[in-house]
Each structure stands twice: as structure tokens, then as C-alpha cells.
Amino acid sequence: MSHFITIETSQLRWSNPAQGLDTPESFKEFSSSKGVYRGFCSACGTAFSWRSDAEPGIEILIGTVDEKWLIGDRTERVSSQSLTEKGVLEEVLNEDEGALGRELCTPTGGQMYVRNAIKGATDTRLVGKRLFIVRRAPTNTMGKYSTSSAWADVVPIPQNDGGPNPLAAIAYTEEYSEAMSYLRSIMAANEKSERALELTEHIIRMNPAHYTVWLYRVNTLFDLQKQQQSNLEEEILDELKWLDGISLKHLKNYQIWHHRQTLLSALSSLPPTELPFLALMLSKDSKNYHVWAYRQWLVRHFSLWDTNTEIPYVESLLDLDIRNNSAWNHRWFVLFGRDVDPKSGKGMDEVGNIVDEDLVDREVEFATGKIRLAPQNQSPWNYLRGLLRKRGSLLECKGFAQEFVGDAEGEGCRSSHALDFLADCWAEEEEKEKAGKALELLARRFDPIRRNYWNWKRGLLGLEAVEAGPLEV
């Protein structure tokens, strides 16, 4: 195992630099990889240092430090003699007060394993065979809690997995286990402090899915604001800035969005940076369920129904990807979700629940226009069905659907969704034979993977099931 100490380059002084140089003439560096440099002595081959363009400072191998700085000057150390348990006389060198070996050689988190870990010595952080695996010290500014004076008053509560031989213990890292043990302690004491916020930030960066930590963090944030009588809006905006970075790193994490919702619930108006940030998030993943669910909450909470933000934004997304079903869903929510109970869903499918007939006419035109661009795209067909359901009948667009189904045998059919729509129109007109034929075409040729579903719909008409036919090539 190699042990390094990390220092600033300004702290490094050479005892015998070459004339005109800052380093000895024998000191050389080679680039082991892009931006990484390893120093060595060109005279004897001793490895000396490691540094990187991406990190400040330089790492010095502890074995290259002169002995007097590690254990002191032997000629000046006072010795004594004592008998061992076996009766052997041995010399005991008293520790030189000026020696720095204890401080320099005690690991603080960074270890490089060359081959096998030594049980009880180098396996305290990573266990098992390791081949040139580097694990650097934690990047949190507080350092290791057990050696931090700021946490000296806290007695950590370790994880209890059920005794010394738990059935299925989780292999937490030492860094995470230590941080959580201190969090359990301050949670037990209900401590709400700045250091508690720092601790939750450290843990969230290691495990952003820990919902208990998120909850404790937001409660701490609000309690501190009351204690300090600081500006609540400023505190929340600062938290949102921090949260933005976490959100961009963990796109699919839902706890982040619940935390964000809790923060904005305390504000009276929508921050001007919020919608642009959501646009940035959706540019990374335009169908991110958590972001869309949060955006719908924003619309309802801040009453954005009649603003000029949501519909233009949705249309811009549909221009980029007409098959973005999330954008279609959000369009429906903004235009028709105002009167829907968010918990029960009551009002969602009620016939006649129309705010404006002109609005529905406009949306029917919008949906049919998008269908013409991509007839096999299911989203606008579903959207169109929802619009017509409010009027109580699909027959208004029966002729439109017929444009895409070809003849009675399905020749020239350009959309299975149009055929499904048309089957429902014929069923509404009690044209069971035509409806049954359309469903048979879907089961045999155009959508055989859902044959059971199409047969179920035939059963509703009192028709027999059909077997799957050969797929159309």
C-alpha cells in the first residue's frame, strides 16, 4: 500500500534545487495519463509524487520524507531499557515531540491498493483484492466527523442491522455509515442547526434517494429561518439554487421534486427562474414523469391556467417531437383540468363539462392537424377522443377517421388507431358487422399483439373471438 500526503505546491520546498531550477536536477515527471503527472528520481528510480491538472496541490509519497521528520533525530532521542514479557531486554526510544509521523501517517480517507488488502490494516475502507484502485478522501468540507471538533459533543448512533450476524446487511461505505450515525444522533435530539444542514447535504450527495434525510433537511431549514428571523424567500431561493445542481445530476429522483414542492408551497408567488429551470430539465428528458407531475402541481398551486406560458411551451415541444405523449397530456391538463378534483379525479370524464365550445372546436382542429402529420401516433387520437367524449359522440370525426383506413379489407390502411376509432363509431351507430370487421382486421393484421383486447371488444358487441392470422409484411 502506498501512502500519500497532500499539500499545496506553495508548501513544497526543495533542500538542494539545481542551479536555475526550482527542483533538483534528478527530479523528473512523466504523464501517466492525460492531465496526470507522476514524479520520480531519475538517478535512483524512487517514486516521489502524483499530481493532476484537475485537482489543486500535489501528493507526496510518505516514504520519501526524511526520517527525522517522521520519528525525530535518533541522536537526540532519550532511550530507556525494559524487559519484555519473555524476559528480553529491549531499548525503548522516547517519542520526539518534534516528530510528525503520527500526523502524517494516519490515513484520512485516501488509499491506493496495489494488490491484496491487509486484514485489520488496509481493509478498513475497502475489502478484498484491489488492483490499482484509488479511493480519495471525502470531498465534504467538514472532514471526518469522529475527528472533527465541531462534532465532538455528538455521540453517534450506529446502524442496527439485527446483531453481529445480520441476515442481509447492506454494504454501506464507511463514509456513508459514519455520516448516518451522526444524523441519527442529532435527529434523536431534534437538533435543527447549520451543521445539521451541512450533514444532510453531505448524505444527500451520497444517497439522494433517502427521503428521511430530505424531510429532516426541509424541517431544519424552516425552523432555522424562524429562529434567525431571516428572509424566508431568500432562504428558499438559495435552497433552490443548490437543489438545481442535485436535480440535474439525478434526473429520475422523485424525492428531489417533493422537496421542491414543499419549498414552493411556502411562497406566495412563482419564482421567475422556476419555469426556465423546468424547461432545462425537460430538455434532458422530455418525458420525465417527476418533472411533469411537479409542473402540473405548479399550474394548480399558482393558478397558471390562463397564463401564456404553458400552451406555447407545450406546442414548442410537440413541434420538436409530435409523439411526446407527456406534452399532449399536459396540454389536456392545462385546458381541461381546472375543474377536476386532483385527489378523486371527479369531473374528468363528465359529459358536457366544457368551459368553452370554441375552445373544443379549436382543439379538435389542432388534434386532427397533428394526426395528418403522423397518422400512426396514438397520442393525438386519444386527445381527440377525449374532446369528442365531452360532446357525447365520436361521430363528428367519423369521416376524418375513414381517410386513414383504406377499403373494407384494410387495403391502404395507414393507421390502426383510425381503424379502432372507426370501429367505435360503427358500434355507436349499432353497425355491429362493420365494427366487428374492423376489430377483426386489428386482431389479425394490424395489431395482433393485442388480439385478446380486440376480441374482448368484439365480445362487447356479442361477436365471437377470432384467431390471429398471418402478419402483414
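**Exercise 1. Decide whether Ser 379 is buried or exposed in this predicted model, and list what it touches.**

Solution.
Step 1. Place the residue. Ser 379 lies in helix α13, which covers residues 378–391.
Step 2. Take its relative accessibility, which is 14%.
Step 3. Apply the cut-off: buried means under 20% relative accessible area. Ser 379 therefore counts as buried.
Step 4. Look for partners, leaving out residues up to four places away in sequence. Ser 379 then touches Arg 323, Asn 325 and Trp 328.

**Exercise 2. Do the same for Glu 194: find its helix, its exposure and its contacts.**

Solution.
Step 1. Helix α4 spans residues 194–206 and contains Glu 194.
Step 2. The relative accessible area of Glu 194 is 42%. Buried is under 20%, exposed is over 50%, and partly exposed is in between. So Glu 194 is partly exposed.
Step 3. Set aside neighbours within four places in sequence. Glu 194 is in contact with Leu 224 and Gln 228.
Step 4. Take Leu 224. This residue is 30 residues from Glu 194 along the chain, yet their C-alpha atoms are separated by 7.9 Å.
Step 5. Take Gln 228. Its side chain makes a polar contact with the side chain of Glu 194, at 3.3 Å.

**Exercise 3. Which residues of helix α7 are buried, and which helices do they pack against?**

Solution.
Step 1. Helix α7 runs over residues 255–264.
Step 2. Count the buried residues: seven of ten, so the helix is mostly covered.
Step 3. Name them: Gln 255, Ile 256, Trp 257, His 259, Arg 260, Leu 263 and Leu 264.
Step 4. Find the packing partners. The buried residues of α7 pack against α5 (211–228), α6 (232–249), α8 (274–284) and α9 (289–301).

**Exercise 4. Work out how helices α16 and α17 are oriented, and describe their contact.**

Solution.
Step 1. Locate the pair. Helix α16 covers residues 432–446, and helix α17 covers residues 451–460.
Step 2. Read the geometry. They pack at an angle of about 170 degrees, with their axes 9 Å apart.
Step 3. Angles over 145 degrees count as roughly antiparallel. Therefore α16 and α17 are roughly antiparallel to each other.
Step 4. List the contact. From α16 come Gly 436, Lys 437, Leu 439, Glu 440, Leu 442 and Ala 443. From α17 come Arg 451, Trp 454, Lys 457 and Arg 458.
Step 5. Sort by class. The contact has four nonpolar, one polar and five charged residues.

**Exercise 5. In what order do the strands of the five-stranded sheet lie, and which strands are at the edges?**

Solution.
Step 1. The order is β1-β5-β4-β3-β2, in an open sheet with antiparallel pairing.
Step 2. The edge strands are β1 (4–7) and β2 (27–33), since each pairs on one side only.
Step 3. Neighbouring strands are turned by 25 degrees against each other on average, direction ignored.
Step 4. Inspect β2 and β3 (residues 36–41). Six bridges join them, and they run antiparallel. Ser 31 has Tyr 37 in β3 as its bridge partner.
Step 5. Look at the link. β2 and β3 form a hairpin with two residues between them. Gly 35 in the turn has a positive phi of about 80 degrees.
Step 6. Move to β4 (residues 47–52) and β5 (residues 58–61). These pair in the antiparallel sense over two bridges. Trp 50 stands opposite Glu 59 in β5.

**Exercise 6. How many helices and strands are in the chain, and what share of its residues is buried?**

Solution.
Step 1. The chain has 17 helices and nine strands.
Step 2. Of its 473 residues, 39% count as buried.
Step 3. Take contacts with a separation of 6 or more. Residues 24 or more positions apart account for 54% of them.

Technical notes: Residues are numbered from 1 along each chain as its sequence is written. This is a predicted model: local features need pLDDT of at least 70, side-chain atom pairs count only at pLDDT 80 or more; totals for chains, interfaces and linings use all residues. Side-chain values use heavy atoms; hydrogens and water are left out. Helices (H or I, at least four residues) and strands (E, at least two) are DSSP runs, numbered from the N terminus. Buried means under 20% relative accessible area, exposed over 50%, partly exposed in between (1.4 Å probe, protein chains only). Contact means heavy atoms within 4.5 Å. A polar contact is a pair of N or O atoms within 3.5 Å; within protein, one must be able to donate a hydrogen and the other to accept it, and residues adjacent in sequence count only if both atoms are side-chain atoms. Axes are lines fitted to C-alpha atoms, for helices over the stretch in contact, and angles run from 0 to 180 degrees between N-to-C directions. Angles under 35 degrees count as roughly parallel, over 145 as roughly antiparallel, 65 to 115 as roughly perpendicular and the rest as oblique. Ala, Val, Leu, Ile, Met, Phe, Trp, Tyr, Cys and Pro count as nonpolar, Asp, Glu, Lys and Arg as charged, and the others, Gly among them, as polar. Two strands pair if DSSP finds at least two bridges between them.
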